[in-house]
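Please read the following walk-through with the sequence and the three-dimensional view side by side, since each paragraph refers to particular residues that are best located as they come up.

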Amino acid sequence: MGASVYVFWRPVTAIQKGDHDGNPRTVDAPTWQPLINTPNFPKYTSGHATYSGTVAKMLALFFGTDKLFFSVTSANALTMQKARTFSRFSDAAKEVVGARVYTGIHFRTSDEVGWRRGKQVARWAFKHFLRPVR
C-alpha cells in the first residue's frame, strides 16, 4: 500500500473547515481549537492507543484477569487531575482512546483500531515470548 491510502485530515482541520468535506449538512467552526496543539505525527493509527491496548492486555494476561484495582499519578504541573484510579486495565486503555479524541489528535477510528491492534500484539507476544518460570 502506498502512503496515500491513509491520507486523511486531522480533527482540527476537519472541524475548522467542515464546509469543505463534500457533505452539505456539515458546517465549519473556523475558530475551534483542540485542547492541545496537534502534534506532528501520523493520524492513523494512534500509537498511544496501540501501546496502551498492548500494555493493558499484557497485564491482564500476566495476572490472569483484567480486574485489578490500581492508581496512576501524574507529575505534570498542568495536569488537572493528578491521580486516576481504575479497577480494570482495559478501562485505563479505553481512557487513552477517549483522551486522544478529546484533545483533537485523532478521530475515534484511529484510536479504536490502534487499541484493537495493541491487544493482538499482546496476545501474540504473551504466547510466543513469555514462558512460565520453572
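The paragraphs below go through the helix packing, then the aromatic side chains, and then a few single residues.

The coordinates belong to a predicted model, and every statement here should be read with that in mind. A convenient place to begin is helix H2, which spans residues 47–63, together with helix H3, which covers residues 89–102. The axes of H2 and H3 are 8 Å apart and the two helices pack at an angle of about 175°; because an angle over 145 degrees counts as roughly antiparallel, H2 and H3 are placed in that class relative to each other. On the H2 side, the contact is made by His48, Ala49, Ser52, Gly53, Ala56, Leu59, Ala60 and Phe63, while H3 contributes Phe89, Ser90, Ala93, Val96, Val97 and Arg100.

Helix H4, made up of residues 108–129, is the next element to consider, and its axis comes within 8 Å of that of H3, the two crossing at roughly 155°. That angle makes H3 roughly antiparallel to H4, and the crossing of these two helices is right-handed. The residues of H3 that take part are Ser90, Ala93, Lys94, Val97, Gly98, Arg100, Val101 and Tyr102, and they meet Arg108, Asp111, Glu112 and Trp115 in H4.

How, then, are H2 and H4 arranged, and at what angle do they pack? Their axes are 7 Å apart and the angle is about 40°, so H2 and H4 are oblique to each other. H2 passes H4 in a right-handed crossing. The H2 residues in this contact are Ala49, Thr50, Gly53, Thr54, Lys57, Met58, Leu61 and Phe62, and those of H4 are Asp111, Gly114, Trp115, Gly118, Lys119, Val121, Ala122, Arg123, Ala125 and Phe126. Two of these H4 residues also come together in another way, in that the charged end of Lys119 sits over the ring of Trp115, at 3.9 Å from its centre.

Turning to the aromatic side chains, the number of aromatic pairs comes to five. One of them joins Phe63 and Phe89, whose rings are 6.0 Å apart centre to centre with 20° between the planes, and this pair is stacked. The pair links distant parts of the chain, with Phe63 in H2 and Phe89 in H3, 26 residues apart. Which of the two partners is buried and which is partly exposed? Phe89 counts as buried, at 6% relative accessibility, whereas Phe63 is partly exposed, with a relative accessible area of 46%. Phe63 and Phe89 also belong to one aromatic cluster, which is formed by Phe62, Phe63, Phe70, Phe86 and Phe89.

Some single residues help to fill in the picture around these helices. Ser46 lies in the loop between helix H1, residues 11–16, and H2, and it is buried, with a relative accessible area of 0%. Not counting residues up to four places away in sequence, Ser46 touches Arg100, His106, Ser110, Asp111 and Gly114. Gly47, by comparison, is found in helix H2 and is partly exposed, with a relative accessible area of 40%. The C-alpha atoms of Gly47 and Gln16 are separated by 24 Å, the two residues being 31 residues apart along the chain.

Val101 is found in helix H3, and its relative accessible area of 23% makes it partly exposed. Leaving aside neighbours within four places in sequence, Val101 is in contact with His106, Phe107, Arg108 and Asp111. Although Val101 and Pro34 are 67 residues apart along the chain, their C-alpha atoms are separated by 9.5 Å.

A last residue to locate is Gln120, which has its place in helix H4 and counts as partly exposed, at 48% relative accessibility. Gln120 and Ala77 are 43 residues apart in sequence, and the distance between them in space, C-alpha to C-alpha, is 34 Å.

Definitions and conventions: Residues numbered from 1 in each chain as written. Predicted model: local features only at pLDDT ≥ 70, side-chain atom pairs only at ≥ 80, totals over all residues. Heavy atoms only, no water. Helix = DSSP H or I, 4+ residues; strand = E, 2+ residues; numbered from the N terminus. Buried < 20%, exposed > 50% of the residue type's maximum accessible area, 1.4 Å probe, protein only. Phe/Tyr/Trp six-rings, centres within 6.5 Å; stacked < 30°, edge-to-face > 60°. Lys NZ or Arg CZ within 6 Å of the ring centre and 35° of its normal. Axes fitted to C-alpha atoms, helices over the stretch in contact; angles between N-to-C directions. Parallel < 35°, antiparallel > 145°, perpendicular 65-115°, else oblique. Left-handed = near helix turned anticlockwise from the far one by under 90°. Contact = heavy atoms within 4.5 Å.
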